[in-house]
Amino acid sequence: MSRLLDLLEEERRKLNQLGEASLKQAIPLWENLEVQEKSRRVDQLVARVGEMKASYNRVVR
């Protein structure tokens, strides 16, 4: 689980960097395909973390 959380944090950091660069270039985030792709990746990782936590909670109870 910690590996997944580390990966999520790394992807979030990259997303933030891409977003900041896009805004500095006055490119709206919704028009930047690289930002959109990275955002989808972060969303997928967040969902996986949520699934793992839910699974863990079911086992513990």
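Here is a short conversation about how some labels in this predicted model are earned.

Trainee: What should I keep in mind first?
Mentor: The model is predicted, so local features need pLDDT of at least 70, side-chain atom pairs count only at pLDDT 80 or more, and totals for chains, interfaces and linings use all residues. Residues are numbered from 1 along each chain as its sequence is written, and side-chain values use heavy atoms, with hydrogens and water left out.

Trainee: Why is Ser22 called buried?
Mentor: Buried means under 20% relative accessible area, exposed over 50%, and partly exposed in between (1.4 Å probe, protein chains only). Ser22 has 1% relative accessibility, so the label buried applies.

Trainee: What makes Glu9 and Arg12 a salt bridge?
Mentor: The term requires a side-chain nitrogen of Lys or Arg within 4 Å of a carboxyl oxygen of Asp or Glu. Here the N to O distance is 3.2 Å, so the pair qualifies.

Trainee: And how do you know whether Glu9 and Arg12 are buried, exposed or partly exposed?
Mentor: Glu9 has a relative accessible area of 46% and Arg12 has 35% relative accessibility. Both values fall in between the two cut-offs, so each residue is partly exposed.

Trainee: Why is the pair of Lys38 and Glu11 called a salt bridge?
Mentor: Their side chains meet at 2.8 Å, N to O, which is within 4 Å, so the definition is met. Lys38 lies in helix α2 and Glu11 in helix α1, so the pair ties together parts 27 residues apart in sequence. Helices here are DSSP runs (H or I, at least four residues), numbered from the N terminus.

How values were computed. Helix = DSSP H or I, 4+ residues; strand = E, 2+ residues; numbered from the N terminus.
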